[in-house]
Every structure is written in C-alpha cells, then in structure tokens.
Amino acid sequence: MAPALLSARGLAKTFGGVVAVADVTFDVPAGEIRAIIGPNGAGKTTIFNLITGIFPLDRGEISFRDHGLNGLSTWQRAQLGIARTFQNLQIFTNMTVLENAMVGRHRQSRAGLLAAAFRTPGSRREEARIREHALACLGVVGLEARRDDPAGSLPFGQQRLLEIARCLATEPTLLLLDEPAAGLNLAETDALGRLILSLRRRGITILLVEHLMDLVMGISDSVLVLNYGQVLAQGSPEAVQNNPAVIEAYLGAEVADA
Amino acid sequence: MTPWAVVGGLVIVAVIPVFVRTPSYLDVLIYVGIYTIVTTGLCLLTGYAGQISLGQAAFYGLGAYASAILTVSYGVPSWLALVAGIVLTAAVAYGFGIPILKLKGHYLAMATLAFGIIVYLAFVEFKDFTGGPSGMPGVPPFSLFGFTFDSDTKRYYLTTGAALLTLLVARNVVNSRIGRALRSIHGSEVAAETLGVDTARHKLQVFALSAAMASLAGSLYAHHLGLVSPAAFTFVASVEFVVMAAIGGLASIWGAPFGAAAITILTEAIRRVMPRLLSYASGEHEVIAYGIILVAIMIFMPEGLVAGLRASFWQRRRAGG
C-alpha cells in the first residue's frame, strides 16, 4: 500500500453532550478517491471540519504529508495543500465568478499590501498570472463563459462547480468534496463523476462525502462507512456493499433497489 | 473608468478655486477633501472587508494631535510630523486590533466605540501634552520642500490632491489579491480561510490602513484649522464618518467623495436652515437631520447615493427611450 497522504488517528469531537465523532481512525493513500458515507448525523461533515481545522479536535491526531495538523489554523492547513467545498455553498456572492476563482490563487501568490497599494511591476505581473490560472480553472469545470457574471447569479449546480474551480486554483494535494452531487440533476451528476475522475488523473487525492450511492460506488477506490461517529466498515466499494453490518445500518434498501 | 473621464474630472477639480472665490465655500471643499480620505479608509474596512468601526474619529484625532504636538511643542517639520502620525496611528490600530478584531458585528462595533471614547478622554485628560479640553492653538500651516500652504486656495489643492492619492491607493488595493482577500472575508470568512487566506492578518492590515488614512486626514485638518481640540474627535464624529461612507455607498470606494461631499455640504446647509425651522433644537439639530437622512437612504437607496442615483438614472432613460 502507498504511504498515507492523510492519516487520522482516534478522532473525537463532541458538541455539548452530543457525540459527533467518537473514535475514528483511517488513512488516505495519495492518489486515491476515498468516499465517506453513512446515515445523516454519522459525523461525515464533522470529520471534514476537523481535517480543515474549522473545529478543534477533542482527542486524536491528524497528519498530512507527515505534518501534524493539530494546532494549525484553517488557513495554514490550506497553505499545506488541503482544499474543500461546502455542503451548504460558501460562494463569495459579493464577487464575480472569475474573482471567486482568483481568490483561490491566494495561496500561490505573494504580493503584500504595500506592493498592491503602489502597483509594483512584480505585483502587476503576478496579477496577470493569477487571472490566467484562475481562467484555466474555470475552463476545467466549464464556467469560463460566465466569468464576469456575479457569482450569486449562477444556478445552484454551477455554484457547486465554481467551488470546485476555486479549490483547483489553490493547486491542492488533497481535495475534500462535501456532498458535491446534492441538488444536481442526472446529467450534471454524470458530468461531476467524470470531473472527479479527471481531477484524480491530475494527481489530486480526493475525499468525498456523498449520499448518492451510484456516484460513490462508481468512482471510489475505497469507502469508509461511519455510523454514530464510529467506523462501521471500510474497504473496496464491493466489499462494503456486501458487508452485512453496512447493509443493516444503511445500505439495505438502496442495494435491494439496485 | 475611461482616461477622458479621469482627465475631465481632474480639470474640474483644478479649476474650481478659480470660480469659487467665497472663502466659506472653499473651506467646505477643503473639508470635503479631508473627509473623503477618512471615508475611503472606512469603505475599505467596512465595504470591502466587512468590519465595522465606530471609533474612526480616534484615529483622525491621533493624526491631528501628532501633527499639532510635534510641530508646536517639538518644532518637528510638518511633513515629518504627518508621517510620524501615520506610522504611530497605524501601529496603535494594529496593536489594538489584535484583540478586538476577533470580535464580530455588534461586538466589534462596541469595542471600537469604546476605543474612540478612551482616546477622546485621553485628549481631554493628558493636559500637559494636549492642552486639555481647550486644545492646542498655533499649529502652523503645512509646508513641504520650503513651500507653505498658507492660503485656502493652496490648502484646497493640498487636501484634494491628498484625497485623490488616497483614492488611487485604495483603488490599487481593491484591484489586487489583497482586495480580493478582503472581499472574500466579507463574503464568507470560513471559505476564505479554507482557501489559505489568513483572515486575522488581513483584517488587521486593513484596519491599520484605514487608521493611517484617518491619521493623514487628521494631520491635514490640524494644519488647515491651526487648532486641535477634543471636541472634533467625539463619538459623533465617528458616526458622521460612518454616515458619509454609507451614504456614498460602501460597495465602491468611488462613493467616498460623494458621501463626504453630501454630508459636509448638508451639514453647512442644516447649520443655517434648521435653527429657523426648529428654534428649540439648538445643538442637536444636525443629529436629527442625520438620522432622518440615513434612514431615508437606507430605505430608498440601500447601496448608497452613487449606486442609487445611477439606478434611477437608467430607469428614467429606459422609461423615456
């Protein structure tokens, strides 16, 4: 097995008296598409928030490319190469589509306040490169034609794509996708599946929280099943689908349908 | 903006003193320049980064007192005092911002309000430095490279030039990765963080920048009036700056000069008219009018004067054509 890109050991998080994540351990090897599934409230999004540092851990350790993440703030983790999308979209509606993607270049650019205030030649060259790269990222998800539109004017499905483009602009090593297919129609979902596979070919490791089992089982290399904040099973999509505990807890109806 | 619009605007700005010969009108235009500088800083802080300040008059006052004290008590050249004031004020904002910019919304407003009151009281109480409640008279006119700005016409060009430079710097910041980072904080702080934006640091920087702009305006004010006293740096002054920024339109720095001009000219008009309308409202009449105007603008032009007038202009054009 390849060395783990992301390693989570004994993660735990409670909110008040509610245990969101009880004791979760897993590794994500570089280059894999790993899905995290489980019933509502199983702790999937909480794990994303723990990996990105939006919530501090109660217990446990997360390391990424052999850096301990505990104690790093969200932006520092992003600087290391972790990007994420949001289940409830977090588009910058006060900016255009292109500007949203350009914010993603923040990690890969350097001009400070003074350089910006006096438009130094270096900052102008950098600005041109930021624009060019952000446009290319919009191209990957097929949004370049809408680049000058207010981001809030995009239909829902395209806002999801814009969040992905914004992440790509950061040139992430690890991309966390939080229910990217929610609210998408069938054609959009198909396109999303192909997009995720193409991102993996670009060398991006993907961690995917998703309810849509056709998508999960179609593109994932392995699946982590959570239930009540604990790991119920993990393995290949086939192994997980045939795991009796998983069928009982979660997949039963869907597998029967399929 | 097209180059012709810029040239046209500069020509109008340059020839105004040729036609405006009444001293009190020129005085109003000087204040428009000074307030434009403060308002531009507030636009960056509030309109772009989404952080509120009800203490901007404190930074304005720190600049004014730095210039007054350094030139009057220590004989420092006025340009050097101005620069020292900017550096000092930005440093104060940075240091003070570290704890308070962790607060959001109303709590941040309260903290900046408290800061403004503390600084105001310091101006009143540190009598040995500041001259106490009656202030410091005898601030010399601003001079640079041996040229002294000793008339209202010269000072009009000084303050207007400084205002244009401030707007230029603000425009450059807005159209940069820093400007986008600031707007991303306003749009979604958590998303900004996940894209690698150090939101705390950017908030501090824009807070210090807005304070530096207020300080510059304060120094110009001290050299124009020749006197600084605490009464100019009260909570009411902070509110006036916020009103100017809101009326001009927070979404764009180009609203700043319009907001500053609208309120400055309006204040003059109210000073002359209101006592005749409400003879018993002495002293407080400006506040009453501010309140009414602010409420009206928020109802009818929530995006500010500039955006509001532009929208109604296009509407009329469309209806007519």
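**Exercise 1. Judge the compactness of chain B in this predicted model.**

Solution.
- Step 1. Start with the expected value: for 321 residues, a compact globule would have a radius of gyration near 20 Å.
- Step 2. Compare. Chain B has 20 Å, which agrees.
- Step 3. Look at the box. The C-alpha atoms of chain B fill roughly 55 × 50 × 45 Å along the principal axes.
- Step 4. Check burial. Of the 321 residues of chain B, 48% count as buried.
- Step 5. Check contact range. Take the contacts in chain B between residues at least 6 apart in sequence; 76% of them join residues at least 24 apart.
- Step 6. Add the secondary structure: chain B has 14 helices and 4 strands.

**Exercise 2. Repeat the analysis for chain A, starting from its secondary structure.**

Solution.
- Step 1. Chain A holds 10 helices and 10 strands.
- Step 2. Its radius of gyration is 19 Å, close to the 18 Å that the globule rule gives for 258 residues, so chain A is as compact as a globular protein of that length.
- Step 3. The C-alpha box of chain A is roughly 65 × 40 × 40 Å along the principal axes.
- Step 4. Buried residues make up 45% of the 258 in chain A.
- Step 5. Among contacts in chain A with a separation of 6 or more, 68% come from residues 24 or more positions apart.

**Exercise 3. Describe how domain 1 and domain 2 of chain A meet.**

Solution.
- Step 1. Set the bounds. The domain assignment gives domain 1 as 1-81 + 172-258 and domain 2 as 91-171.
- Step 2. Place the domains. Their C-alpha centres lie 27 Å apart.
- Step 3. Count the contact residues: domain 1 of chain A gives 9 and domain 2 of chain A gives 8.
- Step 4. Find the elements on the domain 1 side. Helix H2 (74-80) and helix H7 (186-201) of chain A each give two or more residues.
- Step 5. Sort that side by class. The domain 1 side has 6 nonpolar, 2 polar and 1 charged residues.

**Exercise 4. Characterise the side of chain B that touches chain A.**

Solution.
- Step 1. Count both sides. The contact takes 24 residues from chain B and 32 residues from chain A.
- Step 2. List the elements of chain B that supply at least two residues each. They are helix H7 (152-174), helix H8 (177-187), helix H9 (189-194) and helix H10 (199-225).
- Step 3. Rank them. H8(B) gives the most, with 8 residues.
- Step 4. Sort by class. The chain B side divides into 9 nonpolar, 10 polar and 5 charged residues.

**Exercise 5. Classify the packing of H2(B) against H10(B).**

Solution.
- Step 1. Two packed helices are described by the angle between their axes and the distance between the axes.
- Step 2. Take both values. Helix H2 (residues 23-48) of chain B packs on H10(B) at an angle of about 170°, with the axes 8 Å apart.
- Step 3. Apply the cut-off. Angles over 145 degrees count as roughly antiparallel. H2(B) and H10(B) are therefore roughly antiparallel to each other.
- Step 4. Identify contact residues. H2(B) contributes, among others, Ile30(B), Ile34(B), Gly41(B) and Leu45(B). On H10(B), the partners include Val206(B), Phe207(B), Met213(B) and His224(B).
- Step 5. Sort by class. The contact of H2(B) with H10(B) has 16 nonpolar, 4 polar and no charged residues.

**Exercise 6. Find where Arg119(A) and Tyr228(A) sit, and give their phi angles.**

Solution.
- Step 1. Recall the background: most residues other than glycine have a negative phi.
- Step 2. Take Arg119(A). Its phi is positive, about 45°, although it is not a glycine.
- Step 3. Locate Arg119(A) in the loop between helix H4 (113-117) and helix H5 (121-141) of chain A.
- Step 4. Grade its exposure. Arg119(A) has 18 C-beta neighbours inside 10 Å, so it counts as partly exposed.
- Step 5. Take Tyr228(A). Its phi is positive too, about 50°.
- Step 6. Locate Tyr228(A) in the loop between strand E9 (222-227) and strand E10 (230-235) of chain A.
- Step 7. Grade its exposure. With 15 other C-beta atoms within 10 Å, Tyr228(A) is partly exposed.

**Exercise 7. Describe the surroundings of Gly226(B).**

Solution.
- Step 1. Gly226(B) lies in the loop between H10 and strand E4 (227-228) of chain B.
- Step 2. It has 13 other C-beta atoms within 10 Å, so Gly226(B) is partly exposed.
- Step 3. Leave out residues up to four places away in sequence. Gly226(B) then touches Pro137(B), Gly138(B) and Val139(B).

Conventions
Residues are numbered from 1 along each chain as its sequence is written. Chains are lettered from A and ligands numbered from 1 in the order in which they are written. This is a predicted model: local features need pLDDT of at least 70, side-chain atom pairs count only at pLDDT 80 or more; totals for chains, interfaces and linings use all residues. Two residues are in contact if their C-beta atoms, placed from the backbone, lie within 7 Å. Ala, Val, Leu, Ile, Met, Phe, Trp, Tyr, Cys and Pro count as nonpolar, Asp, Glu, Lys and Arg as charged, and the others, Gly among them, as polar. The radius of gyration is taken over C-alpha atoms; the globule rule is 2.2 Å times the number of residues to the power 0.38. A residue is buried if 20 or more other C-beta atoms lie within 10 Å of its own, exposed if 12 or fewer, and partly exposed in between; C-beta atoms are placed from the backbone. Axes are lines fitted to C-alpha atoms, for helices over the stretch in contact, and angles run from 0 to 180 degrees between N-to-C directions. Angles under 35 degrees count as roughly parallel, over 145 as roughly antiparallel, 65 to 115 as roughly perpendicular and the rest as oblique. Domain bounds come from an automatic or database domain assignment.
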